[in-house]
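This report introduces a structure to a reader who has not met it before. Please look over the sequence and the model first.

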Amino acid sequence: MENAIARGGEPVLKQVAEGVLVHESEFCQSNAIVVQGQGGMLVIDAGVLGDELACLAKDLSDSGQIVVAGFSTHPHWDHLLWHAGLGTAPRFGTARCAATAKARLSGGVGAVAKAAGVPDGVPLDLLGQITGLPAEAARIPWDGPEVRIIEHQAHAHGHAALLIEERGVLVAGDMLSDVLIPMLDLNASEPIEDYLAALQLLDGVASDVTVVIPGHGSVGGADQLRRRIDQDRAYVHALRDTQVLNDPRIGPSAKTGWEWVAGVHERQHQHLTQKSRP
């Protein structure tokens with residue numbers, strides 16, 4: 001499948017590995033991933049903005065491709081979206097992810113959107129309609145290259161990274177970003193330990209990876225994967241030990257438009273400091 005072309009001649013999908021394509025949204029550099037299979041396409045974290053989702057769906061349809069499965073890496077609203085044009089293929093998540101999404105949506109989509117500050121232009125009618133895979137599921141069930149599920153509890157309950165082994169691609173969900181610091185699940189009982197354990201899992205498969213795709217930020221190669229793991233581990237250690245931080249994603253060196261990440265760090269620091277007080 002050649003790169004899909006959007007309005008104005010700009011590529012909607014850019015190939016990052018054999019049979020693996022990525023669309024980067026205008027919203028927080030969110031990455032939607034499309035994986036080619038024998039009978040159709042797997043769409044991971046489909047996207048955020050309605051016009052982008054519609055364009056993606058149209059280009060896949062125009063190219064003769066059908067979507068045979070979807071997957072959400074974790075139960076945050078911007079990873080639970082879908083578009084009718086992508087069809088009615090089963091959409092999966094880990095069992096914990098699906099259960100968490102269902103619980104959060106029990107009060108209605110409108111309440112979730114208001115609480116999360118979802119911007120205009122986001123289609124919410126199919127939000128969170130995912131099926132939880134069995135707790136022991138190690139791979140996504142679909143007719144395509146094996147996609148290994150690496151479940152952990154960093155960032156969100158039921159979070160999963162995905163390893164497309166034969167393509168050398170790691171889909172990291174909301175980890176290993178070049179623009180976002182590690183964002184801990186502050187509702188967890190042991191957020192620091194959860195994050196370090198997840199980084200250890202990702203470190204364990206790094207030798208098999210040539211491309212890393214974060215949920216937000218730039219796609220990286222094998223050398224950047226190692227640097228991002230080390231950088232994220234250093235951040236979490238510094239946060240745990242209340243050390244002085246030297247992280248380019250925070251402060252004056254942050255990428256333009258991402259200055260707000262410093263506020264995320266400050267909230268995490270305050271929460272953990274208060275939690276540690278007797």
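The following text treats the nonpolar core, one sheet and one helix.

The model is predicted, with local features requiring pLDDT of at least 70 and side-chain atom pairs counted only at pLDDT 80 or more, while totals for chains, interfaces and linings use all residues. Residues are numbered from 1 along each chain as its sequence is written, and side-chain values use heavy atoms, without hydrogens and water.

A nonpolar core is a set of buried Ala, Val, Leu, Ile, Met, Phe, Trp, Tyr and Cys residues joined through side-chain atoms within 4.5 Å; buried means under 20% relative accessible area (1.4 Å probe, protein chains only). The largest such core has 32 residues, and Leu 170 is among the six that touch the most other members. Several elements each supply at least two residues of this core, including those tabulated here. Helices (H or I, at least four residues) and strands (E, at least two) are DSSP runs, numbered from the N terminus.

| Element | Residues |
|---|---|
| Strand 9 | 159-164 |
| Strand 10 | 169-173 |
| Helix 4 | 191-205 |
| Helix 5 | 222-241 |
| Helix 6 | 261-276 |

Helix 4 gives the largest share, seven residues.

An open sheet of five strands follows the order 8-9-10-11-12, with mixed pairing; two strands pair if DSSP finds at least two bridges between them. Strands 8 and 12 form the edges, each pairing on one side only. Strands 10 and 11 run parallel and are joined by four bridges, with Gly 173 partnered by Pro 214.

The buried residues of helix 5 include Leu 225, Arg 228 and Asp 232. Thr 242, with a positive phi near 50°, follows helix 5.

Definitions and conventions:
Buried < 20%, exposed > 50% of the residue type's maximum accessible area, 1.4 Å probe, protein only.
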